[in-house]
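Here are my notes for your first look at this model. Keep the sequence and the 3D view open, and check each point as you go.

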Amino acid sequence: ASLALISVPGEHASAEAMDAIDAGISVMMFSDNVAVEDEIALKDAAAERGVLVMGPDCGTAVVSGVALGFANVVAPGSVGLVAASGTGAQQVMCLLDAAGVGVSHVLGVGGRDLSAAVGGRSTRQALAMLAADAMTESIIVVSKPPADDVLAELEAYAATLGKPVHWAILGTGRPDLTASVA
């Protein structure tokens, strides 16, 4: 296995996820109620081992065409998504599919990933993974309102990846997802 789906009560999820990370397996943490300190520790451990933590509270992902959690079945294609908003990811997938554009992968990172505390740890890794993926030609980052400094750091990092990265960031004064995808 290269991906473990963790769906246990939050108080136990971190231990299960760390076991998977220690085995060199990426994790999709469907579980919520995971302490932010545990999330940071898991994401740091994953980065050290070259695997990804999606979540906690990650309910939507598509990995190599396989829909996980509450994901839509959409056409395969060349757009990779990094999503810090599960419902946002679902909407973007549907908009792309309706426009005849498929997705390579949708990597949910959990709604807190772009917060000041978590600092975009999994978003950075997911961006790197999609940049290295031969099927992915462009990337869209979908997020709930992020911490401004975290977003600025990620935008600077994304500019170094060699693939176009588009931003569908929710929040006051920002375009809605339909406009962002268009």
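1. **The loop with Pro56.** Start between β3 and β4 (60-63): Pro56 is found in that loop. Look at the peptide bond that joins Gly55 and Pro56. That bond is cis, with omega at about 10°. Bear in mind that this is a predicted model, and that goes for every point below.

2. **Positive phi without glycine.** Now turn to the backbone at two other loops. Asn33 is not a glycine, yet its phi is positive, about 60°. Asn33 sits in the loop between β2 and α2. Is Asn33 buried or exposed? Asn33 is exposed, with a relative accessible area of 68%. Ser64 is another residue other than glycine with a positive phi, this one near 50°. You will find Ser64 in the loop between β4 and β5 (66-69). Ser64 counts as exposed too, at 58% relative accessibility.

3. **A nonpolar patch.** Stay with the loop between β2 (26-29) and α2 (36-49), since Phe30 lies there as well. Phe30 is partly exposed; its relative accessible area is 31%. On the surface, Phe30 forms a nonpolar patch with Leu5 and Phe70. Together the three have about 310 Å² of accessible area.

4. **The length of α2.** Next comes a check you can do by hand. Helix α2 has 14 residues. At 1.5 Å a residue, α2 should span 20 Å. To get that figure, multiply 1.5 Å by one less than the number of residues. How far apart are the end C-alpha atoms of α2? They are 20 Å apart, which agrees with the expected span. After the helix comes Gly50, with a positive phi near 75°.

5. **The buried side of α2.** Which residues of α2 are buried? They are Glu39, Ile40, Leu42, Lys43, Ala45 and Ala46. Notice that Glu39 and Lys43 are on that list. The buried residues pack against two helices, α1 (10-22) and α4 (121-132). They also pack against the strands β2 and β3 (53-54).

6. **Salt bridges from α2 to other helices.** Side chains of opposite charge can pair when their charged atoms come close. How many salt bridges does the structure hold? It holds six. One of them joins the side chains of Asp22 and Arg49, at 3.0 Å from N to O. Asp22 lies in helix α1 and Arg49 in helix α2, so this pair ties together parts that are 27 residues apart in sequence. Both ends are partly exposed: Asp22 has 45% relative accessibility, and Arg49 has a relative accessible area of 39%. Asp44 and Arg121 meet in another salt bridge, at 2.7 Å from N to O. Here Asp44 lies in helix α2 and Arg121 in helix α4, so the pair ties together parts that are 77 residues apart in sequence. Asp44 is partly exposed, at 33%. Arg121 is partly exposed as well, at 28% relative accessibility.

7. **Other salt-bridge partners.** Go back to Arg49. Arg49 also forms a salt bridge with Glu48, where the closest N and O atoms are 3.9 Å apart. The cut-off is 4 Å, so this pair counts. Glu48 is exposed, at 66% relative accessibility. Then look at Glu39 and Lys43 again. They are linked with Arg112 and Asp113 in a network of salt bridges.

8. **Cysteines.** A disulfide is a covalent bond between the sulfur atoms of two cysteines. The structure holds zero disulfides. Why does Cys58 form no such bond? The closest cysteine sulfur, in Cys94, is 16 Å from the sulfur of Cys58, too far for a bond. The cut-off is 2.5 Å. Seen from Cys94, the closest cysteine sulfur is the one in Cys58, again at 16 Å. Cys58 counts as buried, at 3% relative accessibility. Cys94 counts as partly exposed, at 38%.

Note on methods. Residues are numbered from 1 along each chain as its sequence is written. This is a predicted model: local features need pLDDT of at least 70, side-chain atom pairs count only at pLDDT 80 or more; totals for chains, interfaces and linings use all residues. Side-chain values use heavy atoms; hydrogens and water are left out. Patches are made of residues with over 30% relative accessible area and no salt bridge: like charges are joined within 9 Å, nonpolar side chains (Val, Leu, Ile, Met, Phe, Trp, Tyr) within 5 Å. Accessible areas come from the Shrake-Rupley method with a 1.4 Å probe; for residues, only the protein chains shown count as cover. Helices (H or I, at least four residues) and strands (E, at least two) are DSSP runs, numbered from the N terminus. Buried means under 20% relative accessible area, exposed over 50%, partly exposed in between (1.4 Å probe, protein chains only). Contact means heavy atoms within 4.5 Å.
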